[in-house]
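Trainee: Can you walk me through this one?
Mentor: Sure, take a look.

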Amino acid sequence: MNQRTNEFLELYDSVQVPLFRYLCALLVEPEDARDVLQETNLALWLNFDQFESGTNFLSWARTIARYRVMQFRRMHRRAPLLLDESLLEKVAGSILDEHPDELARRTKTLSNCLQKLSDVDRELIRLRYIGGVTLEKVAEQLGRTVNGLSQSLRRIRGALRECVEREQGSLGN
């Protein structure tokens, strides 16, 4: 491998997690973010000759990702955004840029709280939110009603919220 390829691979590896979080903030659905991340990664490689060594690779990658998000939205014509696109961009950027330690702490706290759930509850969360499966499909897979599943998810989210608040409170003491 040549030096430029090694440089790309090192930079590529360093931005995967923050770039995925950025895309999740812009797209909401994790499966959509994964798809756009793959397209972004390909564009990063194909356009790496345009990247200026020594500059901010994550910033450059986010710019490419932002264009991929716009392309994704045009192609999929989903329901209108609840927030203005520029506001979403600003929020996504501020979450990732200004509070990386806070984001890492919250992620760890949430992970700890998820581990405290029962296996059944954890599987519901995994299917619905991590797997990006619609509520209707999860209900169908599990042989439950959408309403019953919705109530279970509301209860689980409440338990997670209480756990996170409790753990964050204990960290402050």
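What follows covers the overall make-up and then one helix pair.

Mentor: This is a predicted model, where local features need pLDDT of at least 70, side-chain atom pairs count only at pLDDT 80 or more, and totals for chains, interfaces and linings use all residues. Residues are numbered from 1 along each chain as its sequence is written, and side-chain values use heavy atoms, with hydrogens and water left out.

Trainee: How many helices and strands does the chain have?
Mentor: Eight helices and zero strands; these are DSSP runs, H or I of at least four residues for helices and E of at least two for strands, numbered from the N terminus.

Trainee: What share of the residues is buried?
Mentor: 31% of the 173 residues, with buried meaning under 20% relative accessible area (1.4 Å probe, protein chains only).

Trainee: On to the pair. At what angle do helix 1 and helix 3 pack?
Mentor: About 45°, with the axes 9 Å apart; axes are lines fitted to C-alpha atoms over the stretch in contact, and angles run from 0 to 180 degrees between N-to-C directions. Helix 1 covers residues 3-27 and helix 3 residues 57-76.

Trainee: What does that make them to each other?
Mentor: Oblique, therefore, as the angle is outside the ranges under 35 (roughly parallel), over 145 (roughly antiparallel) and 65 to 115 degrees (roughly perpendicular).

Trainee: Which residues make the contact?
Mentor: Among them are Phe8, Leu11 and Tyr12 of helix 1 and Phe57, Arg62 and Phe72 of helix 3, contact meaning heavy atoms within 4.5 Å.

Notes. Buried < 20%, exposed > 50% of the residue type's maximum accessible area, 1.4 Å probe, protein only.
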